[in-house]
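This briefing concerns the salt bridges of one protein chain and the surroundings of the residues that form them. Please consult the sequence and structure shown below.

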Amino acid sequence: ETLLMAVLGTTIGAIISLPLSLLAASNVSPHSVVYNIMRFLLNANRAVPDIVFALIMVAALGLGPFAGTLAIAMASVGSLSKVFAEVIESVDPQPVTAMKATGAGPLLSFRYALLPQALPVMASYSILYFEANLRTATILGLVGAGGVGVIIHQYYNLFQYQKLMGAIILIILAVTMIDRLSDAIRKRLL
């Protein structure tokens, strides 16, 4: 459940972040006003801790992993959009300029010149952020947002410290395995 919350939350956050990052990238944003407003909104989103998003989602949707997944997605949007915007701003502008010189519009230039440069780095950051979201999903269970955090909270409240330590050891092993796997995937992408 915790793993699925992290996967879905990160995926939803990354999908929402892609169009927002285009509005927050100075070299692609349609107007400086749009750029400034989007940067402000992303900064506001990043200023809110994950646990606050979880509390809001639990209050709005009730206890369970659905609330946790949406909290992770909402928290991911601000950070991933900012990182994606930075990646878009750092791409080599020459392929984009060459596409435009051949008469290609902004959509084709984005699709065939900008996106191929940015996508591997964006995917790498998404995988890295997934690792952080896995740890976040563990914590969110403490406020009722589902996952293994609920079990940890239960063991703690019942003074079952041996089971609590066992759960923590399993979490450490799972995070370590996922870290190794995501490291290998990131190396292939870049």
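Which residue meets Arg-180 in a salt bridge through its side chain? The partner is Asp-179, with an N to O distance of 3.3 Å. The model is predicted, and a search of the whole structure finds 5 salt bridges.

**Arg-180 and Asp-179**
- Arg-180 is exposed, its relative accessible area being 57%.
- Asp-179 is partly exposed, with a relative accessibility of 24%.

**Lys-187 and Asp-183**
- A salt bridge connects Lys-187 with Asp-183, and the closest N and O atoms lie 3.5 Å apart.
- Both residues belong to helix α8 (residues 161-189); because they are 4 residues apart there, about one helical turn separates them.
- Lys-187 is exposed at 61% relative accessible area, whereas Asp-183 is partly exposed at 26%.

**Network of shared partners**
- Arg-39, Lys-82, Glu-86 and Glu-89 are joined into one network by salt bridges that share partners.

**Arg-39 and Glu-89**
- Within this network, the side chains of Arg-39 and Glu-89 form a salt bridge with an N to O distance of 3.3 Å.
- This pair links distant parts of the chain, 50 residues apart: Arg-39 lies in helix α2 (residues 32-47) and Glu-89 in helix α4 (residues 65-89).
- Arg-39 has a relative accessibility of 12% and therefore counts as buried, the cut-off being under 20%.
- Glu-89 is partly exposed, with 25% relative accessible area.

Technical notes
Residues numbered from 1 in each chain as written. Predicted model: local features only at pLDDT ≥ 70, side-chain atom pairs only at ≥ 80, totals over all residues. Heavy atoms only, no water. Salt bridge = Lys/Arg side-chain N within 4 Å of Asp/Glu carboxyl O. Helix = DSSP H or I, 4+ residues; strand = E, 2+ residues; numbered from the N terminus. Buried < 20%, exposed > 50% of the residue type's maximum accessible area, 1.4 Å probe, protein only.
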